[in-house]
Amino acid sequence: MTIIDTAAITVVLPEAFDERWSRLPGIHIDGRRIAIDPAEYFFRFESNTWLLADWELVKSQLLEARETTESAVEQLALDFIKAHAESTSDASRVLSTAYEVYAYLFRAEHLDTLGLPQITAEHLRMLREAATLMALNKVELDGHISNVGPCWFFPAATSVVFDLDDEMGGMLDEVYHGGWFNEHRRIESIKAHAALGGRLVHGCQSVPDQSGGVVAPYGALMANFRDDLAAFKSGWIEQVYAHRVSPAA
């Protein structure tokens, strides 16, 4: 693994995370406090800077903005990022911002219209936690994937932490990357992810070919992203699954 010299990442979030995240290497949960050792946690960690925009500003200026025939929602998000985003090396800010983004996107009021009765408020909590940690992953403008942690491989990581079987883990992944299966949720996701400096992209088309996702900057070269991902994904997915806890006999 290539890794830069960086200190441990610590953050205190509004919500206590599941203690079972500590099953994964390099992460320790103590209620609302999360501590991450990059050298143990990441498969690849080559960059300790991220692009962020203030979540309160996103809420007040972008979430209610409407696209027009002259400016699509993607253009609205891109213009907002250009105007308001800044680079930060404070990983705790990334996690704090991501928590707010995903608390908004995976909120319980959407459950009634999701059309998946097997998905509960508890599953939304799992989504919020995993997606928050996923925000530390990073793709460069040239498409090179610079940061990869276990939450890149969403179904694998959630199955390890939350003891999900393959079917439920896959269903949770579909809710995560499917924009709640409708255009309204996709538009909402594009706007909210402006706080994390980009848009949510995926290396797979569906659960059987899980390749994870990342918030990538607008303009990132997706062909290079695809090739880089293909070169590493299978071995690292296996390493994540290796931390599954066997049921007690």
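**Figure 1. The largest nonpolar core of this predicted model.** Start in the middle of things: the largest nonpolar core has 84 residues. Those with the most contacts inside this core are Trp21, Ile27, Tyr102, Leu133, Leu136, Trp152 and Phe153. If you want to know which element gives the largest share, look at α4, which supplies nine residues. In soluble globular proteins, nonpolar side chains tend to be buried together.

**Figure 2. A closer look at Tyr102 and its contacts.** Which residues touch Tyr102, leaving aside its neighbours within four places in sequence? They are Arg128, Ala131, Thr132, Met134, His193, Leu196 and Val215. Tyr102 is also one of the core residues with the most contacts inside the core. One residue on its contact list, His193, leads us to the next view, since helix α9 counts His193 among its buried residues.

**Figure 3. Helix α9, mostly covered.** Helix α9 runs through residues 183-193, and eight of its eleven residues are buried. You can find them one by one: Arg185, Ile187, Glu188, Ser189, Ile190, Lys191, Ala192 and His193. What covers these buried residues? The cover includes the helices α2 (55-61), α3 (73-84) and α4 (91-105), and the strands β9 (199-202) and β10 (213-216).

**Figure 4. Asp79 and Ala194, far apart in sequence.** Asp79 is found in helix α3, and α3 is part of the cover over the buried residues of α9. Is Asp79 buried or partly exposed? Asp79 is partly exposed, because its relative accessible area is 37%, and a residue counts as buried only under 20%. Now follow the chain to Ala194: Asp79 and Ala194 are 115 residues apart in sequence, and 9.6 Å apart in space from C-alpha to C-alpha.

**Figure 5. The open sheet β1-β3-β2.** Three strands make up this open sheet, and their pairing is antiparallel. Why is one side of β1 (9-12) and of β2 (27-30) left without a neighbour in the sheet? These two strands stand at the edges, so each has a single partner strand. On average, neighbouring strands of this sheet are turned by 10° against each other, direction ignored. Four bridges join β2 to β3 (residues 33-36). To see one pair of residues across the strands, find Asp30, which stands opposite Arg33 in β3.

**Figure 6. The open sheet β4-β8-β7 and its helix.** Here is another open sheet of three strands with antiparallel pairing. Its edge strands are β4 (44-45) and β7 (138-139), each pairing on one side only. Two bridges join β4 to β8 (residues 145-148), and Phe45 stands opposite Asn147 in β8. Helix α10 (residues 222-241) packs on this sheet and touches β4, β7 and β8. The direction of α10 makes about 30° with that of β8.

**Figure 7. Stepping back to the protein chain.** Ten helices and ten strands are found in the chain. Its radius of gyration is 17 Å, which agrees with the value near 18 Å for a compact globule of 249 residues. The C-alpha atoms fill a box of roughly 60 × 45 × 35 Å along the principal axes. Buried residues make up 53% of the 249 residues. Among contacts between residues at least 6 apart in sequence, 72% join residues at least 24 apart. As for the surface, the chain exposes about 11200 Å², and carbon and sulfur atoms supply 50% of that area.

Technical notes
Residues numbered from 1 in each chain as written. Predicted model: local features only at pLDDT ≥ 70, side-chain atom pairs only at ≥ 80, totals over all residues. Heavy atoms only, no water. Pairing = 2+ DSSP bridges. Contact = heavy atoms within 4.5 Å. Axes fitted to C-alpha atoms, helices over the stretch in contact; angles between N-to-C directions. Buried < 20%, exposed > 50% of the residue type's maximum accessible area, 1.4 Å probe, protein only. Core = buried A, V, L, I, M, F, W, Y, C linked by side-chain atoms within 4.5 Å. Rg over C-alpha atoms; globule rule 2.2 N^0.38 Å. Areas by Shrake-Rupley, 256 points an atom, 1.4 Å probe, with all protein chains shown as cover.
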